[in-house]
Amino acid sequence: MTKYTLPALNYEFNALEPHIDQQTMEIHYGKHHQTYVNNLNAALEGKEKLQAKSLEELVKNLDDVPEEIRIAVRNNGGGHLNHSLFWEVIAPASGQNTIATNLEKAIHESFGSFENFQKEFTAAATTRFGSGWAWLIINEDGKLQVTSTANQDHPIMEGNQAILGLDVWEHAYYLNYQNRRPEYISSFFNIINWNVVSEKYEQNI
C-alpha cells in the first residue's frame, strides 16, 4: 500500500527569513515532520484498509482506528496533517499576496474587521498553554471562527475545516525567538500565503 510521505515545499529553507530562520525550517520540516510521517506509517503497518484512506479521512474518523493504535494515529496523523497545511499557508513575504474578496468579506462578517481577526487569532495562539496550534476554521455552520487545539489535534477531528494554522510548539520558533512567542506570532502575519488561504476558503464553503 502507498505510504504517507512529506509534502514538497514550494520555497527554499531560507526563503522565510527573517521571520522563520533556515535552521528552524530544516529541523522542523526534515526532522519533526518526518518523524510524524515515519511514526504514522509504522502505526499503520499491516492495516491495509486504513493505509488506503486519505490523510484527512483517516484523521477525521479516528473511531474507525483500532484502539491499540488510535493514540499513535491521532498524534502522528494529526502532526502530519497539521504540518502539511502549515507549509502551504506560509510563503516568502510578497506585495502580490492579497486576501481574495470573498474571504475578506467573510472575515469582516465574522470578526468586524481584519484587525479584530488578527487580535483574536493572536490571542488564541498566545494563550494556548503548552504545545498546540491556533486556527482559522470554517465551522459546521459555514462561518469563520478562530480556535486552538492542543498537541497535534486538528480541527477536522471536530468536524471543522481549517484554512489557516499556526504551530505554537516551541520547536517551531525557539531557535530564533526563544521564549518570545508573541513576537513569533506577530512575525507570522508577514508570511501568510493569503492566496492559498483564499483558495482553501473557496474550496470549503
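This is a tour of a predicted model, going from the whole chain to its domains, its largest pocket and a few single residues.

**Whole chain**

Start with everything shown as a cartoon. The protein has nine helices and three strands. Colour the chain from the N terminus and follow the elements in the order α-α-α-α-α-α-β-β-β-α-α-α. The radius of gyration is 17 Å, close to the 17 Å that the globule rule gives for 205 residues, so the protein is as compact as a globular protein of that length.

Turn the model to view its principal axes. Along them the C-alpha trace spans about 50 × 40 × 30 Å. If you colour by accessibility, buried residues make up 48% of the 205 residues. Contacts can be looked at by their separation along the chain: among those between residues at least 6 apart in sequence, 67% join residues at least 24 apart.

**The two domains**

Select 22-89 and give it one colour, then select 101-203 and give it another; these ranges are domain 1 and domain 2. How many residues does each domain bring to the contact between them? Domain 1 puts in 21 residues and domain 2 puts in 25 residues. The centres of the two domains, taken over C-alpha atoms, are separated by 20 Å.

**The largest pocket**

Keep the domain colours and move to the largest pocket, which has a volume of about 330 Å³. To find it, select Glu-56, Ser-84, Leu-85, Glu-88 and Lys-200, the closest to its centre of the 19 residues that line it. At least three lining residues come from each of domain 1 and domain 2.

Now show the secondary structure around the pocket. Which elements each supply at least two residues of the lining? They are α3 (55-60), α4 (67-88), β3 (161-167) and α9 (194-204). The most comes from α4, with five residues. Colour the lining by residue class to see 10 nonpolar, six polar and three charged residues.

**Helix α9**

Stay with α9 and show its side chains. Its buried residues are Trp-194, Val-196, Val-197, Ser-198, Lys-200 and Tyr-201. Lys-200 has therefore been met already: with its relative accessible area under 20% it counts as buried, and it is also among the residues closest to the centre of the largest pocket.

What do the buried residues of α9 pack against? On the helix side they meet α4, α5 (101-111) and α6 (114-127). On the strand side they meet β1 (132-138), β2 and β3.

**Val-73 in helix α4**

Go back to α4 and select Val-73, which is placed in that helix. Is Val-73 buried or exposed? Its relative accessibility is 0%, and so it counts as buried, the cut-off being under 20%.

Leaving aside residues up to four places away in sequence, Val-73 touches Leu-40, Ala-43, Leu-44, Leu-58, Leu-62, Val-65 and Gly-78. For a distance to draw, take Val-73 and Gln-34: they are 39 residues apart in sequence and 14 Å apart in space, C-alpha to C-alpha.

**Glu-45 and the N-terminal segment**

Next select Glu-45, in the loop between α1 and α2 (48-51). Apart from residues up to four places away in sequence, Glu-45 touches Lys-3 and Gln-51. Glu-45 and Lys-3 are 42 residues apart along the chain, and their C-alpha atoms are separated by 9.3 Å.

From Lys-3, go along the chain to Pro-18, which is in the segment before α1 (22-43). Show the backbone here: the peptide bond from Glu-17 to Pro-18 is cis, with omega near 5°.

**Two positive phi angles**

The last stops are two loop residues, again with backbone atoms shown. Where is Asn-151 found? Asn-151 is in the loop between β2 (144-150) and β3. Its phi is positive, about 55°, although Asn-151 is not a glycine. The relative accessible area of Asn-151 is 41%, which makes it partly exposed.

Then select Gln-178, in the loop between α7 (174-177) and α8 (181-188). Gln-178 is not a glycine either, and has a positive phi of about 50°. With 32% relative accessibility, Gln-178 counts as partly exposed.

Terms used:
Residues numbered from 1 in each chain as written. Predicted model: local features only at pLDDT ≥ 70, side-chain atom pairs only at ≥ 80, totals over all residues. Heavy atoms only, no water. 1 Å grid on protein atoms, 1.4 Å probe; cavity = no way out; pocket = protein on both sides within 12 Å on 5 of 7 lines; lining within 4 Å. Points joined across faces, edges and corners; volume = space filled by probe spheres on them. Helix = DSSP H or I, 4+ residues; strand = E, 2+ residues; numbered from the N terminus. Nonpolar A, V, L, I, M, F, W, Y, C, P; charged D, E, K, R; others polar. Domains from an automatic or database assignment. Rg over C-alpha atoms; globule rule 2.2 N^0.38 Å. Buried < 20%, exposed > 50% of the residue type's maximum accessible area, 1.4 Å probe, protein only. Contact = heavy atoms within 4.5 Å.
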